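Student: I am new to this structure and would like to learn how its descriptions are reached. Could you show it to me and take my questions?

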Amino acid sequence: PDRTQQYTRSLEIRTSKEAYLKGAISLARLKKVYGFESVRMLLALWVNNLAEYSGSTVHQSSEAFYEVAELMYEKSYFLGMSEVSLFFIRCKRGEYGTFFGRFDPMKFLSWVDEYLEDRRCAIAKIRQDKERARRDAAYNGTTSARNIHRARGVSELINQMLPPPNKKNDG
């Protein structure tokens with residue numbers, strides 16, 4: 001977990017948007033490649049690492065961490081590894097709250113929900129920005145074509161209003 005988090009920091013991933021756009025391998029894909037037990041163990045290691053980091057004085061059984069890992073996977077199997085790493089970095093910073101003397105699985109899983117909501121908002125904003133850019137490009141393209149058409153129309157109108165140029169007959 002620590003090396004993955006160091007790697008995420010080195011990429012300067014600070015927002016859910018950045019983590020999402022990174023396109024890292026998802027937990028679901030890891031499950032397909034390595035099996036569920038490997039993913040479960042990876043998440044359990046991260047959860048255990050967080051519990052130790054938070055100074056939890058009550059030691060949970062490894063089975064308890066595995067159970068929390070399973071529940072986390074069920075909620076967030078679609079997350080990329082950069083997103084999972086960002087989530088745990090934020091947990092360590094206390095951005096979702098703190099544990100007081102013991103790791104609280106229900107509180108931790110509510111933090112997962114908070115992260116997922118933040119991610120949902122970030123993805124919605126990405127989609128809105130793309131749609132706005134697409135509309136702006138279409139509008140600008142239409143406006144440019146409309147302006148060219150208008151300019152041609154004005155030019156033709158001016159030519160109709162002006163007398164024809166004098167032709168000198170040098171004969």
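Student: Why is phenylalanine 100 called exposed?

Tutor: Exposed means over 50% relative accessible area, buried means under 20%, and partly exposed lies in between (1.4 Å probe, protein chains only). Phenylalanine 100 has a relative accessible area of 70%, so it is exposed. This residue is found in the loop between H6 and H7. Its C-alpha atom is separated by 7.4 Å from that of serine 56, 44 residues apart along the chain.

A word on the source: this is a predicted model, where local features need pLDDT of at least 70 and side-chain atom pairs count only at pLDDT 80 or more, while totals for chains, interfaces and linings use all residues. Residues are numbered from 1 along each chain as its sequence is written, and side-chain values use heavy atoms, with hydrogens and water left out.

Student: What makes cysteine 91 buried?

Tutor: Cysteine 91 has a relative accessible area of 5%, which is under 20%, so it counts as buried. Cysteine 121 has 37%, which falls between the two cut-offs, so it is partly exposed.

Student: How many disulfides are there?

Tutor: A disulfide is a covalent bond between the sulfur atoms of two cysteines. The rule used here asks for a pair of cysteine sulfur atoms within 2.5 Å, and by that rule the count comes to 0.

Student: Which elements does the protein have?

Tutor: It has 7 helices and 0 strands. These are DSSP runs numbered from the N terminus: H or I of at least four residues for helices, E of at least two for strands.

Student: Why is H3 called oblique to H4?

Tutor: The axes of H3 and H4 come within 7 Å and cross at roughly 130°. Axes are lines fitted to C-alpha atoms, for helices over the stretch in contact, and angles run from 0 to 180 degrees between N-to-C directions. Under 35 degrees counts as roughly parallel, over 145 as roughly antiparallel, 65 to 115 as roughly perpendicular and the rest as oblique. The crossing angle of roughly 130° fits none of the named ranges, so H3 is oblique to H4. Contact means heavy atoms within 4.5 Å, and residues making it include Leu30 of H3 and Leu42 of H4.

Student: What makes a set of residues a nonpolar core?

Tutor: Its members are buried Ala, Val, Leu, Ile, Met, Phe, Trp, Tyr and Cys residues joined through side-chain atoms within 4.5 Å. The largest such core has 33 residues, and Met72, Phe87, Phe88 and Phe108 have the most contacts inside it. H4 gives the most to this core, with 7 residues.
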